[in-house]
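These are my notebook entries on a structure that was new to me. I set down what I looked up, entry by entry.

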Amino acid sequence: MERSCLAIILAAGEGKRMRSELPKVMHKIAGRPMVLHVLHAAVSAQCNDIAVVAGNGFDLVKEAVEKGLPEAQVFEQTERLGTAHAVLAARNAINAGYDDILVLFGDTPLVSSETLLQIRQTLATDVSVAVLGFEAEDPSGYGRLIEKDGDLVAIREHKDATAQERKIKLCNGGIIGLSGQHALSMLEAINNDNANQEYYLPDVVEIANKRGLGVKALRADHVQVLGANTRVELAEIENFWQERKRRELMLDGVSMQAPHTVFFNSDTIIESGVVIEPNVVFSEGVTVRQNAKIRAFSHLEGADVGAGAIVGPYARLRPGSKLGDDVRIGNFVEIKNANLEKESKVNHLTYIGDSDIGSGANIGAGTITCNYDGMNKHRTVIGVNAFVGSNSSLVAPVTIGDGAYVASGSVVTENVPEDALGIARGRQTNKDGMATEIRARNAKLKAERAAGESS
């Protein structure tokens, strides 16, 4: 849209009912603070500028907002005197002059950019106030949006509504769009002549109607205006977010056998053709490329999985894991800060940390890269088509050359040259008849202990 827009996000809630020291809007949905979900929706709705009004935990909110969008402005609401008072804390931003002003809430992370664009499109039709509503099966307790001839004439709180008005199922969702031309004068006209002596934003509807300005109610799915005041509501919103993400990915060509058991982060990228088995968790910073397969009970964080790769089951990819195309990571394998080039294999019971593994290399079961000396991390380099036998320990820093072999059970402390065989284990010795003597000695010891216990 060519129209300019300011989004004001109210983020001053204390979150006491969360039983938390964190500001309410800093609680996370899909790994991202709720306020940042709202911020990103506003940016996607082509809002030129973002103003966040914070109160409790101001410094925490300011830090998170500036990290998510450095150019955003953050204003402090030092007194809690109602939603209109909170909006006016961003007066300096409002004064800059915008065509559209959206007033959003930092604890409603499911609002979509499409809905915000719809509000903006409505403001472009000579409407000065656009209020987002939702249809409720049971509207008890909600403010009602009262319409006449297609216009919104009032917002009536449930306790003040007549019996007839209480039958209305169109409820106030809280999100409001204002014409930038009239916003400041309408906000300044709101008074605190009510029982709580607070300045309520919904009063702009009455003010706009008295001035003959256009007022409209819009409708959205109730999920988009869900707010989180308790941990229970937070979990409900998380569930809705995950359901939305799963559906979006499946429609984009991702297969999930048991979608309700798979959990994504807000920044997860999954390309088409990927198959995700049950009980998989994607934490922050994961990209999975085309036609890869993530098998059951795997956990991925900070990882880049190449096309056609297979991960798991029961695998863990930690931050800094980069898998090339067609890499194989098997069960009970942990990868951390390691680059695995195409077609390399780490199939069983193995830890690979701070390593570079060449294409076509094979790492046997039970192998460990010993990357930490108690103070510093060191790197292991394994060459192209190298073979590391089972139950080997590679003590970094160490390099296994291209095409080299490491014998099973080795503790490798020195580099193994290209195409060489490295053996680093004690020589086997067989003592004839010794097993019989050991059994006899053990049997005697067992009998003596049993006799002592019975006496």
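**Entry 1: Ser359**

Which residues does Ser359 touch, not counting residues up to four places away in sequence? I looked up the contacts in this model, which is predicted. Ser359 touches Glu341, Lys342, Val384 and Asn385. I located Ser359 in the loop between β24 (345-357) and β25 (362-363). Its relative accessibility is 17%, and buried means under 20%, so I recorded Ser359 as buried.

**Entry 2: the chain as a whole**

I then turned to the overall build. The protein chain has 9 helices and 33 strands. Its radius of gyration is 31 Å, whereas the globule rule gives 23 Å for 455 residues; the chain is therefore more spread out than a compact globule. The C-alpha trace spans about 105 × 65 × 40 Å along its principal axes.

I noted the accessible surface as about 22,300 Å², with 47% of that belonging to carbon and sulfur atoms. Of the 455 residues, 47% count as buried. For contacts between residues at least 6 apart in sequence, I found that 42% join residues at least 24 apart.

**Entry 3: helix α8 and its cover**

I checked the length of helix α8, which comprises the 21 residues 231-251. At 1.5 Å a residue the helix should span 30 Å, and its end C-alpha atoms are 30 Å apart, so the two values agree. Which residues of α8 are buried? I listed Leu234, Ile237, Trp241, Gln242, Lys245, Arg246 and Leu249. Their cover includes β2 (28-29), α1 (34-44), β12 (255-256) and β13 (269-270). After α8 comes Gly253, which has a positive phi, near 105°.

**Entry 4: helix α1**

Since α1 is part of that cover, I examined this helix next. In α1, 8 of the 11 residues are buried, so the helix is largely enclosed by the rest of the structure. The buried residues are Met34, Val35, Leu36, His37, Val38, Leu39, Ala41 and Ala42. Gln46 follows α1 and has a positive phi, near 65°.

**Entry 5: Asp107**

Is Asp107 buried or exposed? With a relative accessible area of 11%, against a limit of 20% for buried residues, Asp107 is buried. I placed Asp107 in the loop between β6 (100-105) and α5 (113-123). Leaving aside neighbours within four places in sequence, I found Asp107 in contact with Lys24, Val25, Met34, Leu226, Gly227, Ala228, Asn229 and Ile237. Two names in that list recur from earlier entries: Met34 is a buried residue of α1, and Ile237 is a buried residue of α8.

**Entry 6: salt bridges**

How many salt bridges are there? The count comes to 21, and I followed several of them.

The side chains of Glu188 and Arg91 meet in one, at 2.4 Å from N to O. This pair links distant parts of the chain: Glu188 belongs to helix α6 (residues 183-189) and Arg91 to helix α4 (residues 91-94), 97 residues apart. Glu188 is partly exposed at 47% relative accessibility, and Arg91 is partly exposed at 30%.

Arg219 forms a salt bridge with Glu147, with the closest N and O atoms 2.7 Å apart. Here the link runs between strands, Arg219 lying in β11 (residues 215-219) and Glu147 in β8 (residues 144-148), 72 residues apart. Arg219 is partly exposed at 40% relative accessibility, and Glu147 is partly exposed at 31%.

Arg316 and Glu334 meet through their side chains at 3.9 Å, N to O. Arg316 is in strand β21 and Glu334 in strand β23 (residues 328-340), 18 residues apart. Both are partly exposed: Arg316 has a relative accessibility of 39%, and Glu334 one of 22%.

I also recorded a network of salt bridges that links Glu271, Arg289, Asp304 and Lys322.

**Entry 7: a nonpolar patch**

Which residues form a nonpolar patch on the surface? I found Phe297, Tyr314, Phe332 and Leu349, with about 420 Å² of accessible area together. Of these I looked up Tyr314, which sits in the loop between β20 (310-311) and β21 (316-317). At 39% relative accessibility, Tyr314 counts as partly exposed. The strand β21 on one side of that loop holds Arg316, the residue paired with Glu334 in the previous entry.

Note on methods:
Residues are numbered from 1 along each chain as its sequence is written. This is a predicted model: local features need pLDDT of at least 70, side-chain atom pairs count only at pLDDT 80 or more; totals for chains, interfaces and linings use all residues. Side-chain values use heavy atoms; hydrogens and water are left out. Patches are made of residues with over 30% relative accessible area and no salt bridge: like charges are joined within 9 Å, nonpolar side chains (Val, Leu, Ile, Met, Phe, Trp, Tyr) within 5 Å. Accessible areas come from the Shrake-Rupley method with a 1.4 Å probe; for residues, only the protein chains shown count as cover. A salt bridge is a side-chain nitrogen of Lys or Arg within 4 Å of a carboxyl oxygen of Asp or Glu. Helices (H or I, at least four residues) and strands (E, at least two) are DSSP runs, numbered from the N terminus. Buried means under 20% relative accessible area, exposed over 50%, partly exposed in between (1.4 Å probe, protein chains only). The radius of gyration is taken over C-alpha atoms; the globule rule is 2.2 Å times the number of residues to the power 0.38. Contact means heavy atoms within 4.5 Å. The expected span of a helix is 1.5 Å times one less than its number of residues.
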